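Trainee: Could you take me through one part of this model up close? I'd like a proper look at a single loop residue and what surrounds it.

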Amino acid sequence: MLSPLPRLPAPYAPAHAWVEYDLAVRRERYWTPGPQWTPGPRRVPEQPSDPAVALCHGDGRVREAALHAGAPDDLLPLVVLRCADWAGPVREAARLVLEQAAPEALVGAAAVVLHAAARKRGGAALSLLESRLAEGGPELWERACAHPLREVRRWAYGRAVRNGRLTAEQFARGAARDPDVVVQERCAEAALAACPSPVPPEVLEMLLGARSARVRAVAVTALRRLGQPLRGADWLIDRSPSVRACAQWAVRQGGGDPLAYYRRAAAEAPGRTRPSVVAGLGECGGPADAELVLPCLADARPGVRAAAVGALRALGAASPQRVAPLLDDPSPAVVRRVCGALLSDAEVLSQDALRARLEPDRPRHIRLAALRLLAVHRGLAPLRAGLALVEDPDREIRVRARALVTRWAPPDSAILAAALPAPERARLTAEIDHAAPALGPSAVRFLHWILR
């Protein structure tokens, strides 16, 4: 009895779905000789009633007959695969069917066309698609550039750039609306390259106001080439670091001073400073600007506090005395910034204070930061911290603690173990034995060997 066949992929399914369907049908509908097989001309299998099954059948004569009978547009991806078939008559029949297909249907199967182009003898379908697009009008190009699959949109926009088939406005709309970052950047660059001089205001505004930071960065960088570098000052407080960096460069190229802008903005709105202004002080300022940033550590807004910690770190002013109190901040974003700033100075932090932050009643983000800081301490502190958490209810903390214990092997581990008082050695040995089910026998043997 024949096994049930897989479900036919949706019309805009990725290429791998059509390939998997083709192979599944081939496995189930491959010709094999029966028990009464005798040498001689092989009987042609009966043509399946399902045209999709016939197009994928293991017998080449069945596939060829299915192609001669014609294929509906929703099966065009299978026809594309047959264009790269190993059997010459099947390939020729498939190419004839494909040449008669509507350009819109061929664009709909573009994902399979691009996949088949990598196969031996698979370039015919791609050549046909390229020629149909070259002959097509704006609607066909827009259909290709609006394809649901990003690999098709990337290819279509690339061809549009090469052939000059879209206007600057169309490229700008693609940059502003497409969800794929590759398409966004490619379209932004193409929109500016396709613009006449001067650039139409609607194109530039569409790019400068795009949701994508990549697109805004391209547009802000182009301001210098467009003779408007000082306009980059409007993006000095962009939420994206990459856009701010481009704006700072553009302003400097126009003779402006980004740092003066940030200092003025911070001085004019004490207590209401935007996070991007604080971040900009760290990106452009010097050690003297730390005084402008310090008040922001006590701001009520988590975004400002996190930006202040990052700015102090960039300015070389994130000393433990200044930022360590924020290890207990209720915002995970702030604590992550503080932890990153303190890693190089973790040795000066009190081990007892860090271990107190590992208690189960503390917020998860604080426990994770404390464990990360204890992990870079010298001596037995990382081992003891990890052993206490190898069976923690929180999965991430448990996994990190186990990794910390199993990787603990400082160069002076034997000296540390020899210097331990007998009661401390006994207590540590008991902690290792208690954690044995979570650590595994090899890790436990190694730790006992160090403490021998």
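Mentor: Start with the side chain of Asp85, which reaches the backbone nitrogen of Ala87 at 2.9 Å. Keep in mind as we go that this is a predicted model. Asp85 sits in the loop that runs between helix H4 (76–82) and helix H5 (88–100). Is Asp85 buried or exposed? Its relative accessible area is 3%, and the cut-off for buried is under 20%, so Asp85 counts as buried.

Now look at who is around it. Leaving out residues up to four places away in sequence, Asp85 touches Arg63, Val90, Arg91 and Arg121. Of these, Val90 and Arg91 fall within the numbering of helix H5 (88–100).

Arg121 deserves a stop of its own. You'll find Arg121 in another loop, the one between helix H7 (110–116) and helix H8 (123–135), so the contact with Asp85 links this loop to the one between H4 and H5. Arg121 has a relative accessibility of 36%, and because that lies between the 20% and 50% cut-offs, the residue counts as partly exposed. Check the backbone there too: phi of Arg121 is near 65 degrees, a positive value in a residue that isn't glycine.

While you have the viewer open, turn to the empty space. Searching the whole structure turns up one cavity of 30 Å³ or more, and the largest cavity has a volume of about 30 Å³. Its lining includes Pro77, along with Gly108, Ala109, Ala111 and Val112; Trp18, His147 and Leu149 are also among the lining residues. By type, that lining splits into nine nonpolar residues, two polar and no charged. Pro77 falls within the numbering of helix H4 (76–82), just ahead of the Asp85 loop, and Ala111 and Val112 fall within that of helix H7 (110–116), ahead of the Arg121 loop.

For contrast, try Ala298, in the loop between helix H18 (290–293) and helix H19 (302–314). Its relative accessibility is 69%, over the 50% cut-off, so Ala298 counts as exposed. Ala298 is 120 residues from Asp178 in sequence, and the two C-alpha atoms are 39 Å apart.

Last, a word on confidence. The chain has a mean pLDDT of 91, with 95% of its residues at 70 or more. Residues 33–38 are another matter: pLDDT there is below 50, and beyond near neighbours in sequence the stretch has one contact in the model. Where pLDDT is low, don't read the predicted coordinates in detail.

Note on methods:
Residues are numbered from 1 along each chain as its sequence is written. This is a predicted model: local features need pLDDT of at least 70, side-chain atom pairs count only at pLDDT 80 or more; totals for chains, interfaces and linings use all residues. Side-chain values use heavy atoms; hydrogens and water are left out. On a 1 Å grid over the protein atoms alone, a cavity is a set of points where a 1.4 Å probe fits but cannot get out, and a pocket is an open set with protein on both sides within 12 Å along at least five of seven lines; lining residues have an atom within 4 Å of a point. Grid points are joined across faces, edges and corners, and a volume is the space filled by probe spheres set on the points. Ala, Val, Leu, Ile, Met, Phe, Trp, Tyr, Cys and Pro count as nonpolar, Asp, Glu, Lys and Arg as charged, and the others, Gly among them, as polar. Helices (H or I, at least four residues) and strands (E, at least two) are DSSP runs, numbered from the N terminus. Buried means under 20% relative accessible area, exposed over 50%, partly exposed in between (1.4 Å probe, protein chains only). A polar contact is a pair of N or O atoms within 3.5 Å; within protein, one must be able to donate a hydrogen and the other to accept it, and residues adjacent in sequence count only if both atoms are side-chain atoms. Contact means heavy atoms within 4.5 Å. pLDDT is the predictor's confidence in each residue, from 0 to 100.
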